[in-house]
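Colleague: Before I take anything from a model to the bench, I would like to learn how to read its features one at a time. Could we go through them together?

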Amino acid sequence: MLTALALRFQLARLTTFRAVAKFAVSAIIHQFERSSLYVLARGTSLAKYKKKRARELKHDRFRDTTMLLADRLADRIAGRRQQILYGLIVVVIIAIGIYMFVRWRHEHAEEAQAAIGRAIAINSADIMPAPPPGSKDPVFSNPQDRSERAIQEFQKVAAKYGDPYRTEAQYFIAANKLTTDRLNGEKELQTLSQGSGEIATLSKFALAQAKESDGALDEAARLYTEIVKANSTIVTPESANLRLAIVYNKQGKKKEAADILFNIVDSARKARDKDQKPIPESAASRAAAQELLKIDPTRHAQLPPPPQPTGLSF
């Protein structure tokens, strides 16, 4: 009996302990679940906080880095203040030097242009006993005096100024020496004609005219032919061909001369601009027509009529 009671007590104890254990376990699990929900909610807030804090820290690091760089730059500038000051002074001096050079060059060019303009005015002065009343333009009584005075003025330009004024002055000096010192004038023109550009073409043309005047017609024809082939704008092929035709006529080559003159005038009278309007005849073309009329009237009659002035119709 005692044994049975002990066994029942033991079973009841076990049952009670199991219930107690179950309750305890249940309570623990419930508490864990509650704490897990809390932790989950708290974790969401913490994540947001961490992101915000990360942005703040990132901004702080950017600001700190910027300030650090600025401090370093300031330190460097402070350490090199004297060097920077000297550098700025050098820059200012260079800028002032460039400005002064450009200004001097501009004034120098204006001065050179004025000087060569005065010399050209003397070079083209009229030959007459006395100037017209009230005229301030220079005049000379003979070509010799005019050329001598022009040479003096151009020599001043050549001695004081550089190119292009010097070369231009040298050309005018050589051209005027054809009147005062013909041999040296031709030598100087020959030298200048060996170059390139407008002055060389002008020198060759002046030399060709001198040779033509001297009677050296073969040499003159050669020079005029070279100028035609150069196709320059300063001495046009029309002008050179006109002189070449005149030389051929002097040599007795009338057909060659007439052909050249006819082609000059024919091409000029048939020329049209981009709007297909007639281009006015040049002075060389008009002079060629007159020469052709003297050399070969029959060929002259075959020329097309000259273009009418713009705006006139009949």
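Modeller: We will move from the overall chain to single contacts, keeping in mind that this is a predicted model.

Colleague: Then let me begin with the whole: how many helices and strands are there in the protein chain?

Modeller: The protein chain has 11 helices and 2 strands, and, read from the N terminus, the order of its elements is α-α-β-β-α-α-α-α-α-α-α-α-α, with the two strands following the second helix.

Colleague: And what share of the residues in the protein chain is buried?

Modeller: Of the 314 residues in the protein chain, 24% are buried, while the chain as a whole exposes about 22,400 Å², of which carbon and sulfur atoms supply 60%. For contacts with a separation of 6 or more, 49% are made by residues 24 or more positions apart.

Colleague: Turning to charges, how should I read a salt bridge, and how many does the structure hold?

Modeller: Side chains of opposite charge can pair when their charged atoms come close. The structure holds 17 salt bridges, and one of them joins the side chains of Arg 182 and Glu 186, with an N to O distance of 3.6 Å. These two residues are 4 apart in helix H5, which spans residues 182-193, so about one helical turn separates them.

Colleague: Are Arg 182 and Glu 186 buried or partly exposed?

Modeller: Here the cut-off matters, because buried means under 20% relative accessible area: Glu 186, at 11%, counts as buried, whereas Arg 182, at 30%, is partly exposed. The pair also belongs to a network of salt bridges that links Arg 182, Glu 186, Lys 211 and Asp 214.

Colleague: Which salt bridges in helix H9 could I compare with that one?

Modeller: Helix H9 covers residues 254-270, and within it Lys 255 and Asp 259 are 4 residues apart, or about one helical turn; the closest N and O atoms of their salt bridge are 3.0 Å apart. Lys 255 is exposed at 60% relative accessible area, and Asp 259 is partly exposed at 23%. Asp 266 and Lys 270 are likewise 4 residues apart in helix H9, and their salt bridge has its closest N and O atoms 3.3 Å apart. In that pair Asp 266 counts as buried at 15% relative accessibility, while Lys 270, at 52%, counts as exposed.

Colleague: How would I read aromatic rings, and how many aromatic pairs does a search of the whole structure find?

Modeller: One looks at the distance between ring centres and at the angle between planes, and the search finds 3 aromatic pairs. In one of them, Phe 205 and Tyr 224, the ring centres are 5.9 Å apart and the planes stand at 65 degrees, so the pair is edge-to-face, because planes over 60 degrees apart are counted that way. The pair links distant parts of the chain, with Phe 205 in helix H6 (residues 198-214) and Tyr 224 in helix H7 (residues 217-230), 19 residues apart. Both of these residues are buried. Elsewhere, Phe 154, Tyr 171 and Phe 172 form one aromatic cluster.

Colleague: Where does a charge sit over a ring?

Modeller: The charged end of Arg 299 lies over the ring of Phe 262, at 4.5 Å from the ring centre.

Colleague: What does Ser 285 contact, leaving aside its neighbours within four places in sequence?

Modeller: Ser 285 is in helix H10, residues 283-295, and is buried, with a relative accessible area of 0%. Apart from those neighbours, Ser 285 contacts Glu 238, Ile 264, Val 265 and Ala 268. For a second case, take Glu 111 in helix H2, which is partly exposed at 35% relative accessible area and touches Lys 160 and Tyr 161, again not counting residues up to four places away in sequence. The C-alpha atoms of Glu 111 and Val 157 are 9.9 Å apart, although their positions lie 46 residues apart along the chain in numbering terms.

Colleague: Finally, which residues make a nonpolar patch on the surface?

Modeller: Val 90, Ile 94, Ile 98, Phe 101, Val 102 and Trp 104 together make a nonpolar surface patch of about 610 Å². Val 90 is placed in helix H2, residues 81-123, and is partly exposed, with a relative accessible area of 44%.

Terms used: Residues numbered from 1 in each chain as written. Predicted model: local features only at pLDDT ≥ 70, side-chain atom pairs only at ≥ 80, totals over all residues. Heavy atoms only, no water. Patch = residues over 30% accessible without salt bridge, like charges linked within 9 Å, V, L, I, M, F, W, Y side chains within 5 Å. Areas by Shrake-Rupley, 256 points an atom, 1.4 Å probe, with all protein chains shown as cover. Salt bridge = Lys/Arg side-chain N within 4 Å of Asp/Glu carboxyl O. Buried < 20%, exposed > 50% of the residue type's maximum accessible area, 1.4 Å probe, protein only. Phe/Tyr/Trp six-rings, centres within 6.5 Å; stacked < 30°, edge-to-face > 60°. Lys NZ or Arg CZ within 6 Å of the ring centre and 35° of its normal. Contact = heavy atoms within 4.5 Å.
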